[in-house]
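Reader: I should like to learn how to read the features of a structure, one at a time. Where shall we begin?

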Amino acid sequence: MAACGVGLLTWLHLGAHARGRVPPPIRRLLSCPGPVAADLKREEQPSGSAVTGSEDSTPLKRFSEVQKERREQAQRTVLIHCPNKISEKKFLKYLSQHGHINNHFFYESFGLYAVVEFCQKESVASFQNSTHTPSLGAEAVIPFRSRFFNLKLKNPSTKTSEQSHIQCSDQSPPSSKKLFELLHYAESIDDQLHTLLKELQITEENTKLRYLTCSLIEDIAAAYFPYCTVRPFGSSVNSFGKLGCDLDMFLDLDELEKLNSRKTSGNFLTEFQVKSVPSERVATQKILSVVGECLDHFGPGCVGVQKILNARCPLVRFSHQASGFQCDLTTNNRIALKSSELLYMYGALDSRVRALVFTIRCWARAHSLTSSIPGAWITNFSLTMMVIFFLQRRSPPVLPTLDYLKTLADVEDKCIIEGHNCTFISDLKRIKPSENTETLELLLKEFFEYFGNFAYNKNSINIRQGREQNKPESSPLHIQNPFETSLNISKNVNQSQLQKFVELARESAWTLQQEGKDRPSPSSNQPWGLAALLLPSVANSKALAGKKRKRLASERIKTLLESIKSNNTEDSTNTGGEKTTLLESIKSNSTEDSTNTSGEKTINTQG
Ligand code: GTP
Ligand code: MG
């Protein structure tokens with residue numbers, strides 16, 4: 001799905017409306033009350049406010065509570081491919097035969113789909129029992145009974161006067177034209193940052209669809225591992241995801257063991273008879289391999305399944321056609337889940353954090369600093385760490401250090417994963433709000449100043465301690481992995497990519513400074529503030545664009561070919577899926593421009 005990317009660079013003339021004479025800034029309100037709505041409550045507060053957290057009457061939910069609630073909701077939910085024209089009223093009446101419906105919405109993605117949440121899980125079983133497996137004429141079918149259905153009209157030719165216009169929920173970000181209009185008409189730079197966040201953030205419905213997709217995949221994986229859990233992680237749940245971002249999934253096989261702290265009586269203890277393999281990694285590869293086969297052969301709507309088992313973090317990548325999500329399924333990756341929780345906490349602590357992270361991610365994307373393909377460029381995860389670090393360095397700090405969050409932890413927060421201490425407080429309400437009252441405009445400018453002049457050659461970025469530290473190794477950019485502290489999450493970034501980042505940061509700081517002095521008149525159609533930052537830079541101007549694009553493309557192709565080469569030599573069991581991705585990436589890269597709009601996944605094989 002298209003994310004905020006190259007399209008943003010297309011400025012459209014907007015002279016007809018003057019700033020100030022336009023509708024008030026858009027406030028997208030979440031229609032359904034629920035965990036995410038509650039979680040995002042702080043974000044609705046005015047920027048620069050020191051009043052967060054404790055004065056908010058809505059209790060902020062812990063990450064684990066949100067996950068639990070969403071998961072349970074998804075288990076009561078079904079996905080239905082509908083005929084293009086149906087009567088919503090009749091549709092709901094038909095489904096209500098199986099039980100009360102709690103919630104539903106429609107969306108379009110190569111056809112019309114409905115997401116229907118029943119009040120009771122039993123309704124899903126009743127619906128399944130009333131459904132039959134189709135026969136497809138000459139083709140044979142695999143009779144897998146999932147929660148993904150096809151709804152057909154018994155008599156399609158009947159003219160149904162009740163066929164109302166179905167209101168569809170939007171699952172893609174707004175067009176760049178609309179986004180630029182909104183930015184143009186915003187009242188201030190702070191307002192622009194909030195607008196960008198509100199327009200691009202994952203919606204309530206999109207969140208439901210993400211949890212539902214994980215739940216559907218869990219049903220398939222359960223064919224082998226009946227007690228597994230498939231959880232979303234990464235930007236789908238850490239509050240920094242944009243509409244259209246990938247869906248990172250974690251196949252958890254230990255959940256049940258953890259829940260049942262088996263207190264058996266008597267003198268005996270039982271264990272399962274199991275097969276052993278030489279290492280955790282081999283076990284992970286074998287598990288993902290069979291689940292990948294299952295998705296490929298039996299998973300309704302799962303297409304383009306690739307087993308990428310020799311990456312540092314083995315994964316199965318596929319497209320879930322009906323939801324439109326590009327999915328990455330991993331297992332034995334519990335630290336990444338903990339990282340998602342940590343980012344969720346930081347995103348919820350202060351209303352400015354998410355607005356700033358979204359802006360920096362969009363800015364980086366618009367200037368081709370990030371890409372959807374693996375390579376020597378910075379990732380969104382690293383950029384988020386940089387923003388958090390910067391906010392920890394303000395005076396007074398906007399965000400606390402990870403070490404401080406660890407000192408606040410309860411006994412139940414204690415968490416050691418593979419020998420790494422991942423403990424930090426989970427109760428957001430117990431963290432004191434920041435006393436920092438700086439505006440987003442100032443923070444944005446200062447971010448560019450700070451990282452435009454950072455001593456990358458000697459210092460490391462470290463959100464655990466919230467201060468610059470001597471670099472332990474010579475990579476151009478060193479961002480310490482917050483939990484596996486000996487690792488550098490930006491080890492892949494080369495000197496030229498870092499240089500480009502620094503130049504653009506300096507240039508953007510300068511642009512913002514000029515803005516203050518020399519803002520175009522409200523009636524002019526000149527891009528201003530954030531809109532000006534998302535436009536091509538001087539270095540990226542027309543004269544240089546062609547040359548630069550070619551250089552970038554050849555740089556990327558070189559990296560990709562190297563990856564293919566190493567993949568060929570390393571991976572004897574690989575099904576060739578990874579090669580296909582890389583070749584497809586080259587193709588899309590050379591046809592799309594140097595910036596890629598297809599999504600933002602990068603497999604960092606090092607940090
Ligand atoms: P998007 O670009 O919106 O997909 O952001 P994302 O945060 O989901 O990034 P991505 O899909 O690349 O990775 C998913 C999650 O894996 C991240 O949120 C991190 O928790 C983890 N992760 C990604 N890259 C690294 C890395 O280099 N090192 C470590 N330790 N974890 C990573
Ligand atoms: Mg992701």
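Author: Let us begin with strand pairing, in what is a predicted model. Strands of a sheet pair through backbone hydrogen bonds, in either a parallel or an antiparallel manner. Here strand E1 (residues 77–82) and strand E3 (residues 112–118) are paired in the antiparallel sense over six bridges. Within this pair, Val-78 of E1 stands opposite Val-116 in E3.

Reader: In what order do the strands of the open sheet lie?

Author: The order of the four strands is E2-E3-E1-E4, and their pairing is mixed. Strand E2 (101–108) and strand E4 (148–150) are the edge strands, each pairing on one side only. On average, neighbouring strands of this sheet are turned by 20 degrees against each other, direction ignored.

Reader: Which strands does helix H7 lie across?

Author: Helix H7 (residues 204–221) lies across E1, E2 and E3, and runs at about 100 degrees to E1.

Reader: How should one read the salt bridges, and how many does the structure hold?

Author: The structure holds 24 salt bridges. A useful approach is to ask where the partners sit in the chain and how accessible they are. Arg-71 forms one of these bridges with Glu-218, and their closest N and O atoms are 2.6 Å apart. This pair links distant parts of the chain, for Arg-71 belongs to helix H2 (residues 63–75) and Glu-218 to helix H7, 147 residues apart. Arg-71 has a relative accessible area of 24% and is therefore partly exposed, whereas Glu-218, at 10%, counts as buried.

Reader: Where in the chain do Asp-219 and Arg-147 lie?

Author: The side chains of Asp-219 and Arg-147 meet in a salt bridge at 3.0 Å, N to O. Asp-219 is in helix H7, while Arg-147 is in the loop between helix H4 (122–129) and E4; the two are 72 residues apart, and the pair links distant parts of the chain. Asp-219 is partly exposed at 29% relative accessibility, but Arg-147 is buried at 5%.

Reader: What separates Glu-204 and Lys-208 within helix H7?

Author: The general idea comes from helix geometry: an α-helix has 3.6 residues a turn, so residues three or four places apart point the same way. Glu-204 and Lys-208 are four residues apart in helix H7, and are therefore separated by about one helical turn. They form a salt bridge whose closest N and O atoms are 3.8 Å apart. Glu-204 is buried, with a relative accessible area of 2%, and Lys-208 counts as buried at 10%. Salt bridges that share partners join both residues with Arg-70, Glu-72, Arg-76 and Glu-117 into one network.

Reader: Which residues coordinate the magnesium ion?

Author: For a metal site, one reads the donor atoms, their distances and then the setting of each residue. The magnesium ion (ligand 2) is coordinated by Asp-246 (OD) and Asp-248 (OD), at 2.1 to 2.2 Å. Asp-246 is buried, with a relative accessible area of 10%, and Asp-248 is buried at 7%.

Reader: What span should helix H9 have, and what covers its buried residues?

Author: At 1.5 Å a residue, the 19 residues of helix H9 (residues 280–298) should span 27 Å, which agrees with the 27 Å between its end C-alpha atoms. Its buried residues include Thr-284, Ile-287, Leu-288, Val-291 and Leu-295. Among the elements that cover the buried residues of H9 are H7, strand E6 (247–252), strand E7 (302–308), strand E8 (315–320) and strand E9 (325–331).

Terms used: Residues numbered from 1 in each chain as written. Chains lettered and ligands numbered in written order. Predicted model: local features only at pLDDT ≥ 70, side-chain atom pairs only at ≥ 80, totals over all residues. Heavy atoms only, no water. Pairing = 2+ DSSP bridges. Axes fitted to C-alpha atoms, helices over the stretch in contact; angles between N-to-C directions. Contact = heavy atoms within 4.5 Å. Salt bridge = Lys/Arg side-chain N within 4 Å of Asp/Glu carboxyl O. Buried < 20%, exposed > 50% of the residue type's maximum accessible area, 1.4 Å probe, protein only. Donors = N, O, S within 2.8 Å, 3.2 Å for Na, K, Ca; no water. Expected span 1.5 Å × (residues − 1).
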